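Here is a short tour to read with the sequence and the model side by side. Take a moment to turn the structure around, and then follow along.

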Amino acid sequence: MKENIPMKSSFFHTLFIGALIVCVGISPVRAQRATGFMPLNRLGVSYQKAVGVDLGFGAYNLLFGHQLTHFFDISLGSEAVFANQLILVPKVNADIGFDIMDALTFGGGIDAGWHTDFSQGTWRFSPKAGFTAGSVIRLYYARHLYGNPQQFAHIGQHRVSLEVNIAAFHNMKIGF
């Protein structure tokens, strides 16, 4: 008898496999070469027992290291999680990355935001770690730490996110 795979599990596997294919397929180029303020810096999807969409409104990016191949950025953004009720998370992100191969970067950071469904809310801190391919695609795992974990237990404490670093396209003269 064939076993039915729940839709959420299927979505997570599809997201993960798609992210791996994209990360492997990126050519070894360093897209983001600028330091400074970047508007509309990030667009991402996430999964944490519910699907989420993440949008970065703006970031300040700093390149450092011997050949300016490491990055640090801080950004303002918002995440929408589509659970039983819409959950909105206005947040501040800090990301840092270090080159480990040509265009592959290991990085991490922390997201700090206010997790609300408009009837209740709590602080959420999410330490994260993952890989960046060509400075364009970021694949992160994060663990949510809630101020009051009981309020949003149905969302879970683990998140996998796939982000497109839109700020990298500013250097390629695409967009702004």
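## Salt bridges inside the fold

Asp 111 and Arg 159 join their side chains in a salt bridge, at 2.8 Å from N to O. Asp 111 belongs to strand E5 (residues 104-116) and Arg 159 to strand E9 (residues 158-165), so this pair ties together parts that lie 48 residues apart in sequence. Are these two residues buried or exposed? Asp 111 is buried, and Arg 159 is buried as well. Please keep in mind throughout that this is a predicted model.

The pair is part of a wider arrangement. Salt bridges with shared partners connect Arg 42, Asp 54, Asp 73, Glu 79, Lys 91, Asp 95, Asp 111, Arg 124, Lys 128, Arg 138 and Arg 159 into one network. The count of salt bridges in the protein comes to 11. Three of the pairs are set out here.

| Salt bridge | N to O distance | Citation |
|---|---|---|
| Asp 111 and Arg 159 | 2.8 Å | |
| Lys 91 and Glu 79 | 3.1 Å | |
| Asp 95 and Arg 138 | 3.5 Å | |

Take the pair of Lys 91 and Glu 79, whose side chains meet at 3.1 Å. Lys 91 sits in strand E4 (residues 86-99) and Glu 79 in strand E3 (residues 70-82), and the pair links parts of the chain 12 residues apart. Lys 91 has a relative accessibility of 4%, so it counts as buried. Glu 79 is buried too, because its relative accessibility is 1% and the cut-off for buried is under 20%.

Next comes the salt bridge between Asp 95 and Arg 138, at 3.5 Å. Asp 95 is in strand E4, while Arg 138 is in strand E7 (residues 137-143), and 43 residues separate the two. Both Asp 95 and Arg 138 are buried.

## The overall layout

It helps to step back to the whole chain here. The protein holds 2 helices and 9 strands. What pattern do they follow along the sequence? Read in order, the pattern is α-β-β-β-β-β-β-β-β-β-α.

Of the 176 residues, 45% count as buried. Among the contacts with a separation of 6 or more, 54% are between residues 24 or more positions apart. The protein exposes about 9400 Å², and carbon and sulfur atoms supply 71% of that area.

## Strand E1 and its partners

Strand E1 is a good place to look at the pairing. E1 and E2 run antiparallel and pair over 10 bridges. One of the facing positions is Pro 39, whose bridge partner in E2 is Gly 58. The hairpin of E1 and E2 has 3 residues between the strands, and in this hairpin Lys 49 takes a positive phi near 65°.

E1 also pairs with E9: 6 bridges join these two antiparallel strands. Here Arg 42 stands opposite Asn 165 in E9. Arg 42 has already appeared above, as a member of the salt-bridge network.

Gly 36 is another residue of strand E1. With a relative accessible area of 12%, Gly 36 is buried, because buried means under 20%. Which residues does Gly 36 touch, leaving aside its neighbours within four places in sequence? Its contacts are Ala 59, Tyr 60 and Asn 61. Gly 36 and Ala 59 are 23 residues apart in sequence, with their C-alpha atoms 8.1 Å apart in space.

## Nonpolar and aromatic residues at the surface

The surface carries a nonpolar patch formed by Leu 40, Leu 43, Val 45, Val 51, Val 53, Leu 55, Phe 57, Phe 82, Leu 86 and Phe 118, with about 850 Å² of accessible area together. Strand E1 (36-47) and strand E2 (51-64) are the elements that give two or more residues to this patch. E2 supplies the largest share, with 4 residues. Val 53 is located in strand E2. With a relative accessible area of 34%, Val 53 is partly exposed, so it clears the cut-off of over 30% for patch residues.

Aromatic rings form 3 pairs in the protein. One of these is edge-to-face: Trp 114 and Trp 123 lie 5.4 Å apart, centre to centre, with 80° between the planes. Trp 114 is partly exposed at 35% relative accessibility, and Trp 123 is partly exposed at 49%.

Notes: Residues are numbered from 1 along each chain as its sequence is written. This is a predicted model: local features need pLDDT of at least 70, side-chain atom pairs count only at pLDDT 80 or more; totals for chains, interfaces and linings use all residues. Side-chain values use heavy atoms; hydrogens and water are left out. Patches are made of residues with over 30% relative accessible area and no salt bridge: like charges are joined within 9 Å, nonpolar side chains (Val, Leu, Ile, Met, Phe, Trp, Tyr) within 5 Å. Accessible areas come from the Shrake-Rupley method with a 1.4 Å probe; for residues, only the protein chains shown count as cover. A salt bridge is a side-chain nitrogen of Lys or Arg within 4 Å of a carboxyl oxygen of Asp or Glu. Buried means under 20% relative accessible area, exposed over 50%, partly exposed in between (1.4 Å probe, protein chains only). Contact means heavy atoms within 4.5 Å. Rings of Phe, Tyr and Trp (its six-membered ring) pair if their centres lie within 6.5 Å; planes under 30 degrees apart count as stacked, over 60 as edge-to-face and the rest as tilted. Two strands pair if DSSP finds at least two bridges between them.
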